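Subject: Structure handover

Hello,

Here is the structure I promised. Please open it and read my notes beside it.

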Amino acid sequence: MARLIRTEKEVEGNYTEQWIVVDEDPVAQWPSGPLEIVGRPLARVDGAERARGEAVYTADLQLPGMLHVAVLRSPHAHARVTQLDLARASEAPGVRAVLTPDDLDVLTREPGYPGAAIAAVAADTYDLAAEALELADIEWEVLQPLLDPDEAVQQGSLIDEPERYDRGNVEQGFAEADVVVETEYRTQTVLHNSMETHQSVCQWEGDLLNVYTSTQYIWGVRAETAAKLGLPEDKVRVVCHYMGGGFGAKNHPGEYTFIAAELAKRTGRPVRCALTRREENLTTGNRHATIQRLKVGAKADGTLTALVGDFVMAVGWRGFKSWTAGPMKMLYHCPNVSTVEYGAKVNTGPNAAFRAPGFVEGTFGLECLLDELAAKLEIDPLELRRRNHSDSDLVDDRPYSSKNLIECYRRAEPHWEKRDEVRARSNGPWKHGIGMASQIWFGAGGPPSYAWVRVGSDGRALVVTAMQDIGTGTKTAMAQIAAEELGLPVDRVQVSIGDSARGPYAAISAGSSTTPSMGPAVRAAAHDAARQIIEIAAQRYHKEERVLSLKGGNVVSADGGSWPIEEVTGLLDDAQILGKGARGPNPTGMRVLTFGVQVAEVAVDVETGEVRVDKIVAVHDVGRVINPLGASSQVEGGVIQGLGHTFSEDRLLDPNTGAVLNQTLDAYKMPTIADVPEIVTDLIDVPDEHLTNLGSKGLGEPPIIPTSAAVANAIRDATGADVRSLPISREEMLRALAEAKEKEKTREAPTAV
Amino acid sequence: MSDLIVNGQRYALDAQVGRSLASVLREDIGLIGTKIACNEGHCGACTVLLDGVPTLSCITLVHTVGEREVTTIEGLRDHPLVESFVRADALQCGFCTPGQIVSASALVEANPHPSREEVRHAMAGNICRCGAYPKIEEAVLTWQD
């Protein structure tokens, strides 16, 4: 029965209280450990069509009569358009419609970052549209850009109010401290660079708008587009069967969707607005740069007494402050914490969520700080973390629904204990070392989310839900969950996703929430269908329902007897069994979080500053694992993105004009296969007994979080150098090595005298 | 008018001078397995074979192809690499995957038993933002299993 409850919804640490209608979820959790299908490795169910090039992504869609859009973008970081005339452009060959800021409010005459959209042209081909834009008559008044985030904060150029957090009394905490460490860390701007660029194809069918789009959130695009266009939500249909990566940048419709919708309306034809790679790297978001001024106080035994953080984030012209103070508030049992976060409004492209926004950056700062403290206290860094382990959440003063961080540490220990052995490998200029860093993050998922399960007379099941699979393998996980519950081989379960008109509401694929949100709904729907199969079987074979279960493709009776499921469903003829399921609420009064630790093994050439990562061990606690194969891929992908963030990725700006200097994939350096170290994945795989009928949390984000800090700490272990800025370029490495040498000298000086 | 030979089929080439091979394959012939991710020869998603040689089709002018045989992912659908990529979970979003498989097919054709280092060298031009690299390496090393 449906009931109305007041519950918390969490996406990436943002809690909102809301009324929701939930169906009772009476389904008990499965026992821990691998089951028949769930918890066992499975190659992804849509792997073949993707590998064979048959999967149709938004980028591949060709609709009859489709027009293509080119967008006129500001070459200036800060400017005013003083004259704009598209008369010549609109008469160019193949041009069907043009848009100016007078036509659409996502276009602007006052660009605040390079790449801001000014005007758009729809033409028969993209080349014709781009050529027409050359004929735009436009004049600019170029204004001085504000680029330095510290300067922006001083000037009061802020995205929103600074966010302050205080717990306990830090003055008292520092007074109690035997040791204080104060340091500044910096992280750079990182670009998402999904392989499929941001794009939409819009097509009107009467008063219904079809939006084919590369998105992480079908239902969010539907709601935002409907709101923008003043349409009822059911008049916007959003389709995304396959999408080529998002990493947080595709949570919203984006200006390209609105441009395509308006031009489709004006021309009566389907319109594609697809960004080029260079546009992608100007306008679709980024992980904003941070400056972190941190201070820690601790007793001689390592007990933390105070943590203070002053965080400045270069958000851009629009966007939001990522939760960079999060790890400092949440990771350790420190009674006195004070943080302030400033979001600098500067003349750079707007930020967007990027795989654990804020926590990647904040963990780099905090976990490097902890290791600097450990060095000063001469305490083993892993032991320091154990001593400050938190048994409950101090931010909201709540118990954790489950936490196995100590177990993560225990499993990391055999790797950590090789430190002496690894250091002994140092040879000539190559110094070897091991470092570690802890991870904390959200990943509970939450309601609402729904699924339907349809079983036909052939004994095959179809799971229907309008979610998206952004490459994380959630479609495969859903097939496994439904197959397990229905007792069917997984090849008799299909999953239909990707269309808001063909299935119920499904959660956003962000915040590590797809599996923990959708999985329980799919299981509940499959349970509903299974119950009906058992009801029919009980009547057909004269058994009590309670002795019947579904297993291995059969209806099995506890008191003997087994019948193929298709024998039961074969009675249906054209009738079908329809199951429905909803995601139940999250546990009230508890904090649902994910945890982990990574250990990095590195070698540093102290003469050239070259750093080589030999190995990353990633141990994470995300509750029950549905598909260990897909999960290990997620972990590897997160670590590899983390390594790009650590060493090579950095959006570079001209310091005078604010122009982005590396918009292309040869200039913006992402990891290749040749850059990848050995990665060992170890997941705790214990269900969270308080969380849903699955006990599964999300895994998309945790593995990227501690990588940079673990590597930086390994560099310190190898060389004694404190790396404090990302990316760890040769310059940063050599600077840190020179500083360490200097420190060594001044330490030796008194004894020399 | 010249022809374009793709996956053993001969097509009349009716394209404006200046168009790329990738755009003709995708838009005119409908072979959408060849992806365009950067459109300037930096990422490998558009890799096809020209007489067996891996080539970036997004920066190859279609009129320069001549009589060379074009092989796209559609011509490699029965290649054991497709199965080994799926088995090893060597893809996540899958957008770069056709290009990865085309590159790998040229490698194993020339060198059926590549070493780990040879795989990493041959595949370094194909970017995968999801970071499926460890599994890609495994898929290419085990392509005959």
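Below are the notes on what was found.

This is a predicted model: local features need pLDDT of at least 70, side-chain atom pairs count only at pLDDT 80 or more, and totals for chains, interfaces and linings use all residues. Residues are numbered from 1 along each chain as its sequence is written, chains are lettered from A and ligands numbered from 1 in the order in which they are written, and side-chain values use heavy atoms, with hydrogens and water left out.

Start with chain B. Five strands (DSSP E runs of at least two residues, numbered from the N terminus) form an open sheet. The order is β2-β1-β5-β3-β4, with mixed pairing. Strands pair if DSSP finds at least two bridges between them. β2 (9–12) and β4 (53–56) of chain B are at the edges; each has a single partner strand, so one side of each lacks a neighbour in the sheet. β3 (residues 47–50) of chain B pairs with β4(B) in the antiparallel sense, over four bridges. There, Leu49(B) has Pro54(B) as its bridge partner.

Now chain A. In strand β28 (residues 611–621), nine of 11 residues are buried (under 20% relative accessible area, 1.4 Å probe, protein chains only). Strand β27 (residues 594–605) of chain A pairs with β28(A) in the antiparallel sense, over 10 bridges. Ala600(A) is matched with Ile616(A) as its bridge partner. Their hairpin has five residues between the strands, and Gly609(A) takes a positive phi near 80°. β28(A) also runs parallel to β29 (residues 678–683) of chain A, joined by six bridges. Here Val619(A) has Asp682(A) as its bridge partner.

Best wishes

Methods: Buried < 20%, exposed > 50% of the residue type's maximum accessible area, 1.4 Å probe, protein only.
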